[in-house]
Amino acid sequence: MENKKKSTIKDIAAVLGLTPSAVSKALNDHPRISDKTKMAVKEAAIQLDYQPNYLSSALRKGKSNLVGVIIPRVNSHFFSSVVENIEKVLNLNGYNIIMTQSNELYAKECQEIDTLLKIQVDGIIASMANETTDLEYYQKIKSKGTELVLFDRGEEELNVDYVGIDDYKSSHLVIDHLVSQNCKRIAHIAGFKHIRIYKERIRGYKDALEKSGLAVQEHWIIESNLRLDDGRRIMQQLLDAPERPDAVYVAGDIAALGALQVLLENNIKVPEEMALIGFSDEPFTSLTQPSISTVNQHSDQIGKLAAEAFLERINNPNKKTINRIILEPELIIRQSSNRNLK
């Protein structure tokens, strides 16, 4: 199959008898170019199927109007909702986004950062992969002078704008509710504690147990990738233990779904024999039977605020203060933890 040659500014200039410089100015709405010429240039561009070279434009202008968005995975309502709201705000302000996913892999995250820097995005808004412990590539973003905003998963030592919820307080809300339901043996299917948000959830879990006069059982704190199969595997592990918990707090809804599947397969009554709470308020949590209690992370607000933080940084390049925006979590109580429901 023959490859069609891409049209250029020179092709448009040749058709209209203009200079390439005049065509470029017309396409960029330069005030010295007449409206008649602008219209002719734009019509010719459509007829020739001209596609602007954004990289060349970025090199000339020092601005691409592109923002890279890195998320750990796309099969999460939380992350897709954040991206949707980032895009809404940025589109209204003349920016387009390029979204990539790390699949929770450090090496892939590094590749994505390199690619986004090569195409000279004006900024990167990111949530870190589970595997990420070395911050070298995030430091690289800063060293290149590219604006960086982190959301949900971010490290304070990077000293950049951050938007998330109070993960420590989230765990207190969860444990206080479970204790109110007369749960006394509460396990925690956690994320990896080298990631700040999961470390904070573990810390909040421990402190809330101690506040309620319950002992912390270290063997009931099990770290994982929080995938569906992790929830299934760990819940079966807890059921096979000499002493079973009577409640499980899961740091992610997808893993909580896996845990619920195992409970139902083993004919465990939820919440009477085992209460269950997840995290993120994924849409399916209200549709399962029983429905899953969870923590609302306010994904729409996080996306909007992360985009606004980027815009503020771009519009005020000399700003010295760092924004750390911490939202209040909300516990959504459903059937899986509410023993008072009739």
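Biologist: Asn103 sits in the loop between S2 and helix H6 (106-118). What makes Asn103 count as partly exposed?

Modeller: Buried means under 20% relative accessible area, exposed over 50% and partly exposed in between (1.4 Å probe, protein chains only). Asn103 has 33% relative accessibility, so it counts as partly exposed. Bear in mind that this is a predicted model, where local features need pLDDT of at least 70, side-chain atom pairs count only at pLDDT 80 or more, and totals for chains, interfaces and linings use all residues. Residues are numbered from 1 along each chain as its sequence is written, and side-chain values use heavy atoms, leaving out hydrogens and water.

Biologist: And what is noteworthy about the phi of Asn103?

Modeller: Its value is near 55°, which is positive in a residue other than glycine. Most residues other than glycine have a negative phi, and most peptide bonds are trans. Asp281, in the loop between S9 and S10, also has a positive phi, near 60°.

Biologist: Which peptide bond in front of Pro271 are we talking about, and is it cis or trans?

Modeller: The one from Val270 to Pro271 is cis, with omega near 10°. Pro271 belongs to the loop between helix H11 (253-265) and strand S9 (275-277). The bond from Gln289 to Pro290 is cis too, with omega near 0°, and Pro290 lies in the loop between S9 and strand S10 (294-296).

Biologist: What are these H and S labels?

Modeller: They are DSSP runs numbered from the N terminus: helices (H or I, at least four residues) and strands (E, at least two).

Biologist: Okay, helices. Why is H5 called oblique to H12?

Modeller: H5 (residues 77-92) and H12 (residues 299-315) pack at about 40°, with axes 7 Å apart. Angles under 35 degrees count as roughly parallel, over 145 as roughly antiparallel, 65 to 115 as roughly perpendicular and the rest as oblique. That makes H5 oblique to H12. Their crossing is right-handed: the near helix is turned clockwise from the far one by less than a right angle (anticlockwise would be left-handed).

Biologist: Which residues make that contact?

Modeller: Contact means heavy atoms within 4.5 Å. Among them are Phe78, Val82 and Ile86 of H5 and Ile302, Ala307 and Phe310 of H12.

Biologist: What makes H1 roughly perpendicular to H2?

Modeller: Helix H1 (residues 9-16) and helix H2 (residues 20-27) pack at about 105°, and their axes are 8 Å apart. That angle makes H1 roughly perpendicular to H2. Here Ile9, Lys10, Ile12 and Ala13 in H1 meet Pro20, Val23, Ser24 and Leu27 in H2.

Biologist: Now the sheet. What makes S2 and S11 edge strands?

Modeller: The open sheet has 6 strands in the order S2-S1-S3-S4-S5-S11, with parallel pairing. Strands S2 (96-101) and S11 (324-327) each pair on one side only.

Biologist: How do you know which strands pair, S3 and S4 for instance?

Modeller: Two strands pair if DSSP finds at least two bridges between them. S3 (residues 123-126) and S4 have 4 bridges, in the parallel sense, and Ala126 stands opposite Leu150 in S4. Strand S1 (residues 66-71) is likewise joined to S3 by 4 bridges, with Val67 opposite Gly123.

Biologist: What makes S4 mostly covered?

Modeller: In S4 (residues 147-151), 4 of its 5 residues are buried.

Conventions. Axes are lines fitted to C-alpha atoms, for helices over the stretch in contact, and angles run from 0 to 180 degrees between N-to-C directions.
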